[in-house]
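Load the model in the viewer and keep the sequence panel open beside it. The stops below give a selection each, followed by what is found there.

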Amino acid sequence: MNEERRRRGTVPLVISVGVVVVLVLGGLMIWRASARTNKVALVSSAKPVTVIAAKSASFRPSRTYIGTLEPWVQASVGPQFVSAYVDTVLVRPGASVRRGEVLATLDCRNANATQQAIASQARAIDATQRAIAHEAARTEGLLDGGFVSPNEAEQKTAESASGLAQLEATKAKLASSALEVSDCILRAPFDGEISRRSIDPGAFVRPGTAIVNIVDRTTVRMTADVPELDFDVVGPGTKVVLHMFATNRDIAATIARRAPAADPSTRTVHFEIDILDPKREIPVGTTGEVRIHVGDPEPATQIPLSTAMIRGDQATVYLVEGDVAHSKVFSIKGEVGGQLFVNPTLHGGSLVVSEGRALLNHGDRVAAKVVSEDASTAPDKQP
C-alpha cells in the first residue's frame with residue numbers, strides 16, 4: 001500500500017518538472033530568436049561600394065572605321081582556254097615568284113596534236129594556193145593573145161583569192177590553237193608571293209579554275225566604306241592612324257583616294273589608303289581599324305565606361321560625397337577604348353561608384369572602398 005501511495009505521489013511531481021522544463025526551453029528558444037532579429041532598418045545601414053577617382057583629361061573627336069588590308073594586285077592563275085589534267089604544280093603558299101616564272105603545267109597532248117594537224121593543213125593550203133596563184137598569173141598572160149577567154153581568167157583569179165582566204169582562216173585557227181597550247185604552261189603574271197594552292201597534280205581543271213593565287217604585297221591597300229555623311233571626312237590627303245589587328249601595330253598614313261560616288265545599295269563611300277611594305281610584313285586579307293581626328297582637343301573628365309549608365313548623349317553616375325551617394329547626369333563627349341569622356345563639370349578627383357551602383361538610390365549612405373583604375377580593370381587570376 002505504501003509503495004502504491006509513493007508512486008501516485010511522484011506522478012504529479014514528474015509532470016510538474018516536465019512542464020517547467022518545456023517552459024524553460026521555450027523561453028530560451030524565444031530569446032534566441034529575438035536576439036538574432038536585426039532591429040536596425042536596412043535602409044539606414046551603409047551599403048558597401050567600390051569607387052574610382054575621375055581623371056581630368058582632354059578629348060579629341062574622331063571617327064573609327066573597320067577596313068580590310070588588300071594586296072596592291074592579286075591574281076588567280078589557272079587555264080583560260082583548255083580543259084586538261086594538271087601535270088605539275090611547282091609552288092606552295094609562301095613561295096616568292098618572279099614575273100614569267102612557271103607555276104604549273106597541264107597535260108595538253110591533245111592540244112599539241114591539234115596544233116600540229118592545223119599547222120600541216122596550213123602548209124598544204126599554202127602550197128595549193130601558190131600553185132593556183134601562178135596558174136592564174138599565166139592565164140592572165142594568155143588573155144592578151146586571145147588564147148583563153150576572159151571568163152576563164154576571172155575564174156582562175158577568183159580561185160586564187162579563195163585559196164588565199166582559206167589560208168588566212170587556217171592561220172587564224174592555228175593562232176587560236178597556239179593560245180591553247182601556251183595555256184598549258186601557267187606563268188606568274190607579276191612579281192609576288194603565292195597565297196593559296198587550290199589544285200594538286202592529277203586533278204582535272206576547266207577554264208576559269210584557279211590552281212594557285214598570287215599576291216603583290218610591296219604596297220598594301222587598306223580599303224573601307226563610310227556613311228555618305230562622312231564624305232568630307234575621308235578626303236584624299238587626310239591624315240589617319242591605322243591599327244592592324246593581325247600584327248597589333250599602329251601606322252600613321254594618308255588617304256590616297258576616294259570614290260566620287262556612293263554605292264547606290266548601301267549609300268556608303270569607298271576610300272583607300274596605300275601602305276608601303278617593301279619587307280612584306282603585313283598580312284593581306286586581314287582586318288584593320290582606321291581612326292581619323294575630326295576636331296580640336298577639348299577639356300573633359302575621364303571615367304571607366306562601366307561606371308556609367310548611358311542614355312543617348314547623357315551619362316548617369318553615382319558620386320560619393322562624404323558617406324552619401326548622389327546620382328548625377330553629365331553630357332558625353334565621346335568614348336575611346338573602354339573609357340568614357342564627359343563634360344568637365346564632373347571635376348577630376350571626384351569619387352565615382354564602380355561596383356555596387358545597381359543597388360543604390362540617390363541619397364543612400366555608403367561605405368566606400370577606393371581602388372585604382374588598373375586594379376578595377378585587371379583580369380581575375382586563375383587558381
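Helices (H or I, at least four residues) and strands (E, at least two) are here DSSP runs, numbered from the N terminus. Residues are numbered from 1 along each chain as its sequence is written. The model is predicted, with local features needing pLDDT of at least 70 and side-chain atom pairs counting only at pLDDT 80 or more, while totals for chains, interfaces and linings use all residues; side-chain values use heavy atoms, with hydrogens and water left out.

**Whole chain**

Colour the protein chain by secondary structure: there are four helices and 21 strands. Of its 383 residues, 31% count as buried, where buried means under 20% relative accessible area, exposed means over 50%, and partly exposed is in between (1.4 Å probe, protein chains only). The accessible surface comes to about 23,600 Å², and 55% of that belongs to carbon and sulfur atoms; areas come from the Shrake-Rupley method with a 1.4 Å probe, and for residues only the protein chains shown count as cover. Among contacts (heavy atoms within 4.5 Å) with a separation of 6 or more, 75% are between residues 24 or more positions apart.

**Helix H1**

Select residues 2–36, which make up helix H1; Val20 is in this helix. Now add Leu13, Val17, Val21, Val24, Leu25 and Leu28: with Val20 they form a nonpolar patch on the surface, with about 630 Å² of accessible area together. Patches are made of residues with over 30% relative accessible area and no salt bridge; like charges are joined within 9 Å, and nonpolar side chains (Val, Leu, Ile, Met, Phe, Trp, Tyr) within 5 Å.

**The four-stranded sheet**

Next show the open sheet with the strand order E7-E6-E4-E9 and antiparallel pairing. Two strands pair if DSSP finds at least two bridges between them. At the edges are E7 (185–187) and E9 (204–205), each pairing on one side only. Select E6 (residues 102–107): its antiparallel pairing with E7 runs over three bridges.

Centre on Ala104 in strand E6. Which residue of E7 stands opposite Ala104? The partner is Leu186. Ala104 counts as buried because its relative accessibility is 1%. Leaving out residues up to four places away in sequence, Ala104 touches Thr88, Val89, Cys184, Ile185, Leu186 and Ile211. A distance label from Ala104 to Ala188 should read 9.5 Å, C-alpha to C-alpha, for two residues 84 apart in sequence.

**Salt bridges**

A salt bridge is a side-chain nitrogen of Lys or Arg within 4 Å of a carboxyl oxygen of Asp or Glu, and the structure holds 14 of them. Start with Arg98 and Asp191, whose closest N and O atoms are 3.5 Å apart. Arg98 lies in the loop between E5 (96–97) and E6, and Asp191 in the loop between E7 and E8 (192–197), so this pair ties together parts that are 93 residues apart in sequence. Arg98 is exposed, at 57% relative accessibility, whereas Asp191 is partly exposed, at 29%.

Move on to Arg197 and Asp200, which form a salt bridge with the closest N and O atoms 2.9 Å apart. Arg197 is buried, with a relative accessible area of 16%, while Asp200 is partly exposed at 44%.

Then select Arg291 and Glu289, whose side chains meet in a salt bridge at 3.7 Å, N to O. Arg291 counts as partly exposed at 31% relative accessibility. Finish this stop with Glu70, Arg221, Arg257, Glu272 and Asp274, which are linked in a network of salt bridges.

**Two loops with positive phi**

Most residues other than glycine have a negative phi. Select Asn248 in the loop between E11 (239–244) and E12 (249–258): phi is positive there, near 55 degrees. Asn248 is exposed, at 59% relative accessibility.

Follow the chain to Arg267, in the loop between E12 and E13 (268–276). Arg267 is not a glycine, but has a positive phi of about 55 degrees. With a relative accessible area of 49%, Arg267 is partly exposed.

**Strand E20**

The last selection is residues 351–355, strand E20, where Ser354 is found. Is Ser354 buried or exposed? Ser354 counts as buried because its relative accessibility is 14%. Apart from neighbours within four places in sequence, Ser354 is in contact with Thr50, Val51, Ile52, Ser306 and Thr307.
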